[in-house]
Amino acid sequence: MEQFYVFMLAALFLLAIVDLVVGVSNDAVNFLNSAVGSKAASFRTILIVASLGVAVGAVFSSGLMEVARKGIFNPWQFTFDEIMILFLAVMITDVLLLDLFNSFALPTSTTVSIVFELLGASMAISAIKILNAHDTLTSLSSSINWDKVVEIVLGILLSVLLAFFIGAIVQWFSRLLFSSGFQKQFKLVEPIFGGVALTSISYFILIKGLKGVAIFPASYMEYADQNGVLLILSLLLLFTIVSFLLAIFTKINILRVIVLAGTFALALAFAGNDLVNFIGVPIAALQSYELWEASYLLDGTLPNDYTMEALATRVNTPSYLLGLSGFIMVVALWWSKKARSVMQTEIDLSRSGAVTEKFDSNFLSRIIVRTSLNIGYGLRAMIPKGLYKRFQNKLDIPEVITANSRNERAFDMVRASVNLMVASILISWATTIKLPLSTTYVTFMVAMGSSLADRAWGRESAVYRVAGVLNVIGGWFVTALLAFVASGVLAVLIYYGRLTAVVILLLATAILLTRSYISYKKKEKIKHENFKMERTSLITINEIMAESSDNISRVIKQICSLYSTVVDNLGLQDLNKLRKTKKQFTKLESEVDELKGEIFYFVKSLDENSVSASKFYILILDYLQDMVQSIGYIRKSSYAHVNNNHRKLKFNQIRDMKRIEGRLQDLYTRIVVDIESNDFKDLDQIIVDKKVLLDDVSGLIQKQVERIRSTETSPKNTKLYFSLLLETKDLIDATINLLTLFKEFYQDYKNIQRM
């Protein structure tokens, strides 16, 4: 019996290590984005500052695990056995849920996840007890701390709205101050802004970051609460003077100091207060085991008889566990690639200028943008034109035209400072009035509000950015729902399955995490292979040749693979495999569409001697688009024919299509080899062979016409066969045109080099 609970404890602490890693991957977005997005320092320096904050916050954390022990459920309503089942269900759910969101590069709240996991598991266990006792489900109210749950939910919803609108308002006024003539004439704005920002960040550290830290006396928070105004005024005076001195006597950029200080502060608060989300449950489980074991050794109390009212008391976490947790989080911060993916999602949503948008527009985002534009037009009509132009001229925001660049900053340090300052103020204020909130939601919504005010969401990108924000917010609700349902289901499975269920669930968790890691690595590899030229530097003819070769090679490989798959499975009438080709085609179509979407930035980045080559690049993309459309129609018509249960193509028709497919594949392979080796001597022969193949396709079209006049009896077969041949003919035509154009441009390029 005792060994079973020891095994559960070991599993809980193993899950805690994994949870620390996936938790940091999710929450790193809270304290890294502003510094990384504004390029306030090198990425290494930013990580060092954040690591110091995480380490200090973890080591000196009070380790008060109130939420895990008694914040959501009433521990005296549960026995030791039930508590251990509840805690294990919560940890398995938390690890899988956070890893799922990290894989999709979507930031979510570790606080919300742990709260709803505890709620779901405790309600499931309570419901089982009630049913076993033949009681009514209304008795659930005695097991759950509903007041706390409602307080947390309302606090989070309120913080989301406040964070967005306050972030937008503060950013608008800050941009107005920094872009006005007042700043240029008197140099007063930056020092005063620095004083306010550093005061808010420092107050945040004192109130939120170091709240309950073990090295501070118990009277610390009481004194801070009673003398809050005096403390704020003192800090404001101190940091304003420091900012003036830095501006006058040094070349130190006060905005850079603000961003790095804010990064340290949020990292400190994350480790000091959010640590409960990762190790609170295992610590509570350890304390529960120690309490039960002492009772068991004393009077032989069984796990099903020992109630856990002792969890309601206040117990500190051992320092060595805090130190170990801090070390794991720092290592994860440096090592986790998923943390960078989650971080990039928020940076791209708040980026000034264009970027390859990750999210597609949807009905709701289009409605919101259209409504906002109409409201804006109405308000503009009410404002005098002179006053409107005056404000427009003062809001001097440099336009960024680069796309997909990781070397360019996404926004300036004014906005980064506002993000950190507003987030610090809101979290400090909420802590002071004891309003629960999610730091993830606050930092994200502040960043989105400041982006809107800074006109980062222009007409070119607004509909996609709004869709992205809606997706992230929707994910937050999904977090709560999945956490609640999944933890409840797992608690029921463990309750009835005992050791067998625990082993199976742990093995399933290990398999799912491994699959997630492998899948993520594959995606990153594909992303690396498809990485395109940066648009930040001037592009030469040599680079145009290189990128065009890469695009042609990549698209032809995918077309060749898709064509072979469709022809093979059309002959086999394999509907399932034909259905799966849709995903392959959609990926190909989106790649070419993305290339065409970047033509503006491509042409903008050409050096003066290469501008004439822009037409060549545009025509190459046009021919690639024609090829993609042809293979798309071949795929679609083949799938529709089989899906509608029409007659199979005749043996001779399938044989002819397979012969064409084999020759097409052979020629495409030769094209790829020539292009990838930069040896185009075989282009003339390839073009000749393509024309021969084109004549063969024309011959098959004529043969089918003769069949219709003699033996063919199926109109649907005729339609499909003609569609396949005609689209194959168009595919070959586009390929010949593309190769001819490429050959001519290559020869001209070689002639220019000889001159």
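These legends go with an overview and several close-ups of a predicted model.

**Figure 1. The whole protein, built with helices and no strands.**
Start with the big picture: this predicted model has 26 helices and zero strands. Of its 755 residues, 53% count as buried. The protein exposes about 34900 Å², and carbon and sulfur atoms supply 63% of that area. Now think about who touches whom. Among contacts with a separation of 6 or more, 86% are between residues 24 or more positions apart. The structure also holds 15 salt bridges, and the close-ups pick out some of them.

**Figure 2. Glu 82 and Lys 129 meet in a salt bridge.**
Here the two side chains come to 3.4 Å, N to O. Glu 82 belongs to helix α4 (residues 80-103), while Lys 129 belongs to helix α5 (residues 110-132). The partners are 47 residues apart, so this pair links distant parts of the chain. How covered is each one? Glu 82 is buried, because its relative accessible area is 8%, under the 20% cut-off. Lys 129 has a relative accessible area of 28%, which means it is partly exposed.

**Figure 3. Arg 415 and Asp 454 pair up between a helix and a loop.**
The side chains of Arg 415 and Asp 454 form a salt bridge at 3.1 Å, N to O. Arg 415 sits in helix α17 (residues 413-432). Asp 454 is found in the loop between α18 (439-453) and α19 (462-529). The two residues are 39 apart in sequence, so their salt bridge ties together separate parts of the chain. Are these partners buried or exposed? Both Arg 415 and Asp 454 are buried.

**Figure 4. Lys 658 and Glu 661 share one helix.**
This time, look along helix α24 (residues 651-676), which holds both partners. Lys 658 and Glu 661 are three residues apart, about one turn of the helix. They form a salt bridge, with their closest N and O atoms 3.3 Å apart. Glu 661 is buried, because its relative accessible area is just 6%. Lys 658 counts as partly exposed, because its relative accessibility is 34%.

**Figure 5. Four residues join into one salt-bridge network.**
Which residues does this network join? The members are Arg 175, Asp 412, Arg 415 and Asp 454, connected by salt bridges that share partners. You've already met two of them: Arg 415 and Asp 454 are the pair with the 3.1 Å N to O distance.

Methods:
Residues are numbered from 1 along each chain as its sequence is written. This is a predicted model: local features need pLDDT of at least 70, side-chain atom pairs count only at pLDDT 80 or more; totals for chains, interfaces and linings use all residues. Side-chain values use heavy atoms; hydrogens and water are left out. Helices (H or I, at least four residues) and strands (E, at least two) are DSSP runs, numbered from the N terminus. Buried means under 20% relative accessible area, exposed over 50%, partly exposed in between (1.4 Å probe, protein chains only). Contact means heavy atoms within 4.5 Å. Accessible areas come from the Shrake-Rupley method with a 1.4 Å probe; for residues, only the protein chains shown count as cover.
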